[in-house]
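Q: Hi! Could you walk me through the empty spaces in this model, and then the sheet?

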Amino acid sequence: MSPESKARFAEKQIIEHNDLVTSVAKMDKVPLKMFELAVSYVDPHNPPKDNTIHVSKKDMFAYFDVTSSNRSTRFKQEIEQMQKQAFFEVRVVEGKSGRFRYRSIVPIPYVEWNSYNNDVTIRFDQAIMPYLIDLRKSFTQYALTDITELRSKYSIVLYRWLNMYYRQYEYYRDHGGRTHEQLMAMKNPTVALDELRRLTDTVNEYERMSTFTRWVLAKPCEDISAHTHLKVTFEKIKSGRKVTGIRFKVTGRPVARLTKKNGEED
């Protein structure tokens, strides 16, 4: 993305409920980035009328760095790809039972544009809106530009998840209320391998651990460290010779935040 385009999106923030951050994004990189771009236009304090936002084609092209003569055709293809394949599988905990319910949500069922003006109309599905505007507790915020340069879906998924924990760490580090051990668990989160596969939608992919490590861990961590405010490394947790989990080690530079707590109740 050009410096001019980065400046255009410098103030755009993405704010999502943690249940959406920890959901399974059943889509590739481009549809996921397009969804995140749309979310950055939602003001949770002033929800859009009829769940509808308007984005300029100029902004769309700038965000995806599309400058070719066939950009309208490419834009149409990417919109179609998003609507044909994109959905979130949200896992909801049922009270204190430890049982789960799963919701499959197609986030953006309607997009309209034309050949004679710059407006793109995007309407979110009603089912996705609580995850974008009902943010009284358990939400995460990050800059749209933090994901702009990320090169894979796995980079975006891991960044959202790690940022969720790191923002919680920053809040409690500054305001108290957590032990040192709890702070370190937020700053350097550990995840079971099975849960990480669920989160990255790789339960049936990259079966060899070496391949999984390369494409779902090593390259995304390098990508995140190069293009976002987080610096990330990881280590494997083993039971005998079997890898059972991953521990991430995260550092970050200060970023702007909401006045409300990140990830907790008022």
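**Cavity, pockets and sheet**

A: Happy to! By class, the lining of the largest cavity has five nonpolar, no polar and three charged residues (Ala, Val, Leu, Ile, Met, Phe, Trp, Tyr, Cys and Pro count as nonpolar, Asp, Glu, Lys and Arg as charged, and the others, Gly among them, as polar). This is a predicted model, where local features need pLDDT of at least 70 and side-chain atom pairs count only at pLDDT 80 or more, while totals for chains, interfaces and linings use all residues. Residues are numbered from 1 along each chain as its sequence is written, and side-chain values use heavy atoms, with hydrogens and water left out.

Q: What counts as a cavity or a pocket here?
A: On a 1 Å grid over the protein atoms alone, a cavity is a set of points where a 1.4 Å probe fits but cannot get out; a pocket is an open set with protein on both sides within 12 Å along at least five of seven lines, and lining residues have an atom within 4 Å of a point.

Q: And what volume does the largest cavity have?
A: About 30 Å³, where volume is the space filled by probe spheres set on the points, joined across faces, edges and corners.

Q: Which residues line the largest cavity?
A: Met-60, Phe-61, Phe-64, Val-66, Arg-71, Arg-74, Phe-75 and Glu-78. The largest share, four residues, comes from H5 (helices are DSSP runs of H or I with at least four residues, strands are runs of E with at least two, numbered from the N terminus).

Q: OK, pockets. How much space is in the largest pocket?
A: The largest pocket has a volume of about 300 Å³. Of its 15 lining residues, Asn-18, Asp-19, Thr-22, Arg-91 and Val-93 are the closest to its centre.

Q: Which residues lie nearest the centre of the second largest pocket?
A: Lys-33, Tyr-63, Phe-64, Asp-65 and Thr-148, out of 10 that line the second largest pocket. Its space is about 180 Å³, and helix H3 (residues 29-39) gives the largest share of the lining, three residues.

Q: Switching to the sheet: in what order do the strands run?
A: The open sheet has three strands in the order S3-S7-S6, with antiparallel pairing (two strands pair if DSSP finds at least two bridges between them). Strands S3 (52-56) and S6 (110-113) each have a single partner strand, so one side of each is left without a neighbour in the sheet.

Q: How many bridges join S6 and S7?
A: Four, in the antiparallel sense. Glu-112 stands opposite Thr-121 in S7.
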